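Hi,

Here is the structure I promised to send over. Have a look first, and my notes follow underneath.

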Amino acid sequence: MMNRILYQLGLLLVLGLSQQAWAETHLITLKAARLPSGQLAYQMVSHKIEHSGGKVEDITSRYAPGPTIPGPTIVMTEGDTAKVTLEHGITDSQLPVSLHVHGVHYKFDSDGTTRALNGVADQAAFPGKPYTYEWIAAPGTAGTWPYHDHAFGDPKVGAEDQGLYGTLIVNPESGKVPALIDGKVTQVNLKDIKREFILWMHETTFWGQELNHIVNREIPLWTNPTVGARQGELVRFHVIGMGTAFHTFHLHGHRWIEPGTTHVVDTVNIGPINRQSFVVKAGEGVGTGDWHYHCHVVQHMQSGMMGKFRVIQ
Amino acid sequence: MRLKCLFTAVTLAAGLGLSLPAEAVKLKQRAATTSQAGAGDEAIISVAGVMPSATLEMTDEPGTWFKDPNDGDALVVVKPGEAVLIKMTDTNSEHTITSLIWQPGARDFPVDQEKPSSASVTVKFDKPGLYVFTCKVHPYMFGAVIVDDPATPGLDLGSEIQLVTGAKVPTTSDIAKKLLRTFFVVTTPALWRDYTKPTWEVKLPDIPLNLGGVQISLNALSVSVPNQVSLPATPGVGEVWINTQFEKIAGKTKFGSATQLDAATWKIKKKVKGIKTNLNHPHNMWSDKAYRYIYQTEWFDKRLTTFDRKTGDIYSVVTVGQSPSHVITRPGTDVLYVAINGEDRVAKLAPGRNHNLLGAINTGPHTGPHGHWISDDGKYMVTPNALAGSVSVVDLSSEKATEIPTGAVIPIAIGIRPQGDYAYAANLLGTPPMLSSMSVIDLKSKKKVKDIDLAADYDPVSGKTQGPAYGLLPIQTPVSPDGKYVVTANTLSATISIVDTATNKVIRQLPCDPGAHGVEFGFKKGGGYYAYVASKFSNVLTVVDMDSLEVAGRILLADPGDTRITGLNGYGGQGVLPLPLPFHGWLTETLKLSGSGELDPEVEGWLKELTPAQKGI
């Protein structure tokens, strides 16, 4: 182990900071299934990481054990590739189900569309016939991206609206992201971020999930949850839209910078498949409390589209 | 709904040993673990929100307007503390998600979305019992949640139900049983009344129900009634159009047609199906003064379709707004007034094959006008404001609208006396504390002068009646062309009420069909009028003789020879349009065209059949 690290460090020194040196290959198996509620959802079956040195690490246990909405949050780094196999587990249906990913690179046969749309073939899983997609998190693809079904249902354009969607986070190869911390725009190390909150805005509901880096686990938070952190911790929010409605995400007591700019905001527009990630220091300048977050479209608020950001000592 | 599925759910809930498919149980257990993941783990501060245990998806599909994606039923069974996600999935119009029935004292109840939208809700239930949801725009869309406590025997319906009207009634009462039976009939097309069979059998399975300690079987609500189709002995004049709104038709994904019935022979001439344009829930019709065109609203959509009366060829499909419900023309100008039920206005369109939007009349905030009417002299338009509990009287010259609060729940249709003095507004869910009512509006003073209790002779607990006033959940309500009577279709009691306008009292109650809905008057051959009544959950048109005030016949609206109809043949009876129109304001305009060459020879023939009294001479 030590030898390998030393070897890799040595190699880095020799070859310069090559991206290839740290690149990982993700071997992922997802399943599309039906929840007891009748909604559809993706479930993580297996996630193994093949490190550049050949070592294989099984991280499946980090994920929630059943199907969830949103689906499993897959984390890659620029330079990584993923082989994602989708299994058809919707037992009451023969219709194809697929994975269509945003942001990262892939070849045509990994588009996740049906023949009706792409004119060539159904890039989808059928019962007993899984389908494998290849995603390339090429340089420049860092960001938070949605993945969703693009095949199920009639007329085969996808059942994202019924719960078949999830999140792909591509972290920058630099390991740093800009953030507004103590009033200044600065670069923070991703490894200093303790918790990540994924909030999907669908119709009039937030569907949430936490990636907790302290215990290294993904925690499903379902509808309009309370997301919680300790005061002073760096936390990253990922807010994504879904469906047909347009939303305005607002978090009380906290401000952040719009990615790529130095604009300080506390509300962002989120349309379907629009997304925004940002880092805040929990309770910065305002302290502890149950800080409200909600969609600022009044009708959506009235329908309960809200939750709490709980900041404790 | 498929009762087998309900039965499975019920037996599971009752602990009788039948189990859900293994996969589902496994998923349920896993989901239960995942939702508790992190409990006791200090590093995790987040608290998970509610995970829905069941879903009801709102659709345009007749019967299963709220649909469980697991089994296609309109009913889900959950446990106390569990939640249900209600969302709009496969529907072309906006709806509200509104509690119709709930358990008294249930936390966070009633649920009511003020305005139609596409917004979903996740509802958590703490109290066992029956909960029914509807849409205020389309108030026969029903979805039910039974919150069943597994510790009690039978399926818990609770000891009482709270109705949206404010009334609280025991679940053992006649009205509660009527509502429950109606729920099963409405949401189960297999239980709809089929007049091609000798009897109507509502056979409900033997499922133990717990009415707050009183145990009955669901099959106690079963009924069996003989069916008889009979053609009226005296023919009518002209033709009758009926919106068979629920028919399933090959080649299109949405539902319904316009059925054209020959009043001379009582035979179906044709059905206009709108296959190419995917006609969606055709609800109500009107015609131009020359009877060239049929103007057709699409209630679960945003469109008005215009087709040729004789050929059925579609001339135009115009987007007019959310859930256009009724269309009527103004006598004198022939301009169309289309009630935009999902919004707060009546759209004004130019007459003809295609339509320019001429403007819109605002009926007041959150009004949702449904079945409006225009006075014979073309002076006033009155809208029943389904979402506001009011009616609006519009002076059509100035287009000034006066909103009159009536205190009613879901005013749904209007009739106006030919004298132009009073309008009648049927209130679907009554004027609390009246269960079933009709408001009388003085058009000159623009005031409500009276509420007629349509169920004054009905005891909602025992179900006993002591007179003719026992009509429940009134819908369309026109005034006869001679001004003598208001005829109202009552969807819950499956009856027809006749009110004498001289006394404003119910003088007659006639048997009709489940989901009695649309009423309009047409000419009887040789003099007098027929009232034609269409019912959503039966496949006949009921004909009432306005001289004898008796049912003159029931005409089958199903066309078994039509292979294009793949299901629900003849069902969904809602809008009715007899031609010639017997109301003098409109009839005079058509009579003026007689002999000018502008009328089709067929129409000229109909006009010749009319007596001087019918012509208003």
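Long-range contacts first: among the contacts in chain B with a separation of 6 or more, 55% are between residues 24 or more positions apart. Keep in mind that this is a predicted model.

Staying with chain B, the secondary structure comes out as six helices and 43 strands. As for burial, 59% of its 617 residues count as buried. The overall dimensions are there too: the C-alpha trace of chain B spans about 85 × 50 × 50 Å along its principal axes. Does the radius of gyration of chain B agree with a compact globule, and if so, why? That is the next point, and the reasoning goes like this: a compact globule with 617 residues would have a radius of gyration near 25 Å, and chain B has 24 Å, so the two agree.

How far to trust it? Chain B averages a pLDDT of 92, with 93% of the residues at 70 or above. The stretch to be wary of is residues 1-40 of chain B, where the pLDDT is below 50. That stretch still has 65 contacts in the model beyond near neighbours in sequence. For the model as a whole, the scores are ipTM 0.88 and pTM 0.89.

Now chain A. The domain assignment gives domain 1 (21-171) and domain 2 (176-312). Their centres, taken over C-alpha atoms, are separated by 24 Å. Where the two domains of chain A meet, 17 residues of domain 1 are in contact with 17 residues of domain 2. On the domain 1 side, the elements that give two or more residues are strand E8 (143-148) and strand E9 (165-171) of chain A. E9(A) gives the most there, with four residues. By class, that side of domain 1 has eight nonpolar, six polar and three charged residues.

Last, the place where the chains meet: 40 residues of chain A are in contact with 38 residues of chain B. Which elements of chain A give two or more residues to the side that touches chain B? They are strands E13 (205-212), E14 (217-223), E15 (226-230) and E23 (306-312), along with helix H3 (298-302). E14(A) gives the most, with five residues. Sorted by class, the side of chain A that touches chain B has 16 nonpolar, 20 polar and four charged residues.

Shout if anything is unclear.

Cheers

How values were computed:
Residues are numbered from 1 along each chain as its sequence is written. Chains are lettered from A and ligands numbered from 1 in the order in which they are written. This is a predicted model: local features need pLDDT of at least 70, side-chain atom pairs count only at pLDDT 80 or more; totals for chains, interfaces and linings use all residues. The radius of gyration is taken over C-alpha atoms; the globule rule is 2.2 Å times the number of residues to the power 0.38. A residue is buried if 20 or more other C-beta atoms lie within 10 Å of its own, exposed if 12 or fewer, and partly exposed in between; C-beta atoms are placed from the backbone. Two residues are in contact if their C-beta atoms, placed from the backbone, lie within 7 Å. Domain bounds come from an automatic or database domain assignment. Ala, Val, Leu, Ile, Met, Phe, Trp, Tyr, Cys and Pro count as nonpolar, Asp, Glu, Lys and Arg as charged, and the others, Gly among them, as polar. pLDDT is the predictor's confidence in each residue, from 0 to 100.
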